[in-house]
Amino acid sequence: MFIINCPFCGEREQSEFKAGGEAHIVRPKQPTELSDDQWAEYLFMRKNIKGVQFERWNHAHGCRKWFNMVRDTSNDKIKAVYKMGEKPPVE
Amino acid sequence: MKNKYSIFSLIKNAFSYHENWEKAWKDPAPKKEYDVVIIGGGGHGLATAYYLAKKHDMKNIAVVEKGWIGGGNTGRNTTIIRSNYLWDASAGLYDHALKIWEGLSQELNYNVMFSQRGVMNLAHNLQDVRDLKRRTHANRLNGIDAVYLNTEQVKKFCPIINTSPNIRYPVLGGTLQRRAGTARHDAVAWGYARGADEMGVDIIQNCEVKGIKRNGDNVEGIETTKGFIKTNKIGVVAAGHSSVIANMAGLKLPLESKPLQALVSEPVKPIIDTVVMSNAVHAYVSQSDKGELVIGAGTDDYVSYSQKGSHDIVEGTLNAILELYPIFSRMRMLRQWGGIVDICPDASPIISKTSIKGLYFNCGWGTGGFKATPGSGDLFAHTIANDEPHKLNAAFNINRFVSGDLVDEHGAAAVAH
């Protein structure tokens, strides 16, 4: 359990949010030309990092907006929060 | 040969105040080279080593474990065993395990306290009823014992359940698998460890894997905190940390690791003699032989390796428990903990070869791996020894995420996620 600083609403409890998984997975530009391996990579394969990970979150019980977060998954400490479309911060 | 555990050995050792029991397994330093190294000393990993030695005549085997054996998810789960899965592939896999459970204590000469007290799954709405009936029929076609119970029969089987129609999620019925039940999780790890050790398997504890050495498409060995170990075959059974190990070999897996919580109450007199699960309200409960209620909660929806979960998950589970069992309203909880479970997109496990020769993965068991421990070990040992899957785990290969031939148990079966 941790507090998340929603870029739109400010600090709220994590239970108000929905985790949206790994961030910056780009939807294929030309889906018809993808091989099965590339589809599998896009749909299923995840980095699942132990350590600093870039994620998408949604303030489901608040403003309902999506945003990005940098979080250390080994101790749930949040490093940064930034809006969709913004450049991810470099460590 | 190890001394056999029996009533006579118990009496004999009582005379020496139980101070002279033989060690159940040695604590060896790693050798330079092994034929097979298993990464992960939980139930599945130890079982794999046991069956490699027993059924495939391999003797030069090591199990490396970063902590103590059985200290991860093996010692953190709610010990439920059942095989009432919907799809043929899952039914085959889990019932294979259940059949081994039935003779496991005798085989290992170690009491794993397997108790076939039955597992009941509750239905709370019309769709639940339809799904559970469908699953009951599917189970029977696969030779798995399953019966559908109406509300009165549920009440008769477990009288403390609140079957009033006036609760938020009324009990409309349920399924019962009588061969299902529970076992003592630590004993499973210790029993397999003792059996494997007796056949010459080196169980190396406090030895964390730091890297996997590859030579092109082959593996050459592992870097550990106790030095380099040379081997051509690596079986990874690292549960929540599978992706971390995969990363070391340059592989990506379709897994997400999430915290799953459980809790136990103070011990009380026998009150519930079966296991009751409810997927709709997400609560499951049984009673341990010590008298504690063993309660399982759900997973958090974010990736985490912290072995801690959120309080709101526990709160939600306890709300459901209290509505279904008002008699527990004044029970106090003793302990709560989390384990990190690796979940596949189709909620089925991976027991498979990989694109790297000599590297095998047994992972993705998600929230329900304990029940499969003996079967998982047996089939993974077969896969490693023959470099080919057994027909029972062929469907659980890693390529299904490319071919699309998923074993989609998510929501379709008795999987509690």
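This is a guided tour of a predicted two-part model, going from chain A to chain B, with a suggestion at each stop of what to select.

Because the model is predicted, local features are described only where pLDDT is at least 70 and side-chain atom pairs only at pLDDT 80 or more, while totals for chains, interfaces and linings use all residues. Residues are numbered from 1 along each chain as its sequence is written, chains are lettered from A and ligands numbered from 1 in the order in which they are written, and side-chain values use heavy atoms, with hydrogens and water left out.

**Stop one: chain A as a whole**

Select chain A and colour it by secondary structure, where you should find 1 helix and 6 strands; helices (H or I, at least four residues) and strands (E, at least two) are DSSP runs, numbered from the N terminus. Followed along the sequence, these elements of chain A come in the order β-β-β-α-β-β-β. The C-alpha atoms of chain A fill a box of roughly 45 × 25 × 25 Å along the principal axes. If you show the surface of chain A, its accessible area is about 5500 Å², with 49% belonging to carbon and sulfur atoms; such areas come from the Shrake-Rupley method with a 1.4 Å probe, and for residues only the protein chains shown count as cover.

Of the 91 residues in chain A, 35% are buried, where buried means under 20% relative accessible area, exposed means over 50%, and partly exposed lies in between (1.4 Å probe, protein chains only). Among the contacts (heavy atoms within 4.5 Å) in chain A with a separation of 6 or more, 45% join residues that are 24 or more positions apart.

**Stop two: A:E55**

Now select A:E55, which sits in strand 4 (residues 52–58) of chain A. Is this residue, A:E55, buried or exposed? A:E55 counts as buried, because its relative accessibility is 3%. Leaving out residues up to four places away in sequence, A:E55 touches several residues of chain A, including A:G21, A:F67 and A:R71, and also B:V303. Add A:I25 to the selection: A:I25 is 30 residues away from A:E55 along the chain, and their C-alpha atoms are separated by 9.9 Å.

**Stop three: the largest nonpolar core**

Move to chain B and select B:W101 and B:Y192, which touch the most other members of the largest nonpolar core, a group of 48 residues. A nonpolar core is a set of buried Ala, Val, Leu, Ile, Met, Phe, Trp, Tyr and Cys residues joined through side-chain atoms within 4.5 Å. The elements of chain B that each supply at least two residues of this core include strand 2 (36–39), helix 2 (43–55), helix 3 (88–108) and helix 6 (185–198). As background, nonpolar side chains in soluble globular proteins tend to be buried together.

With B:Y192 still selected, show its surroundings: beyond its neighbours within four places in sequence, B:Y192 is in contact with residues including B:L46, B:Y50, B:I100, B:L104 and B:P374. Apart from the largest core lies another core, of 31 residues, among them B:Y34, B:L251, B:L359 and B:I398.

**Stop four: two helices that pack together**

Select helix 2 and helix 3 of chain B, which pack at an angle of about 70 degrees with their axes 15 Å apart; axes are lines fitted to C-alpha atoms, for helices over the stretch in contact, and angles run from 0 to 180 degrees between N-to-C directions. The two helices of chain B, helix 2 and helix 3, are therefore roughly perpendicular, a term used for angles of 65 to 115 degrees. Where they meet, B:Y50, B:Y51 and B:K54 of helix 2 face B:I100, B:L104, B:E107 and B:L108 of helix 3.

**Stop five: two loop residues in chain B**

Select B:Y17, in the loop between helix 1 (7–14) and strand 1 (33–34) of chain B, where phi is positive, at about 55 degrees, although B:Y17 is not a glycine. Most residues other than glycine have a negative phi. B:Y17 is exposed, with a relative accessible area of 68%. Next select B:D387, in the loop between helix 9 and helix 10 (400–403) of chain B, which also has a positive phi, near 55 degrees, but is partly exposed at 24% relative accessible area.

Conventions. Parallel < 35°, antiparallel > 145°, perpendicular 65-115°, else oblique.
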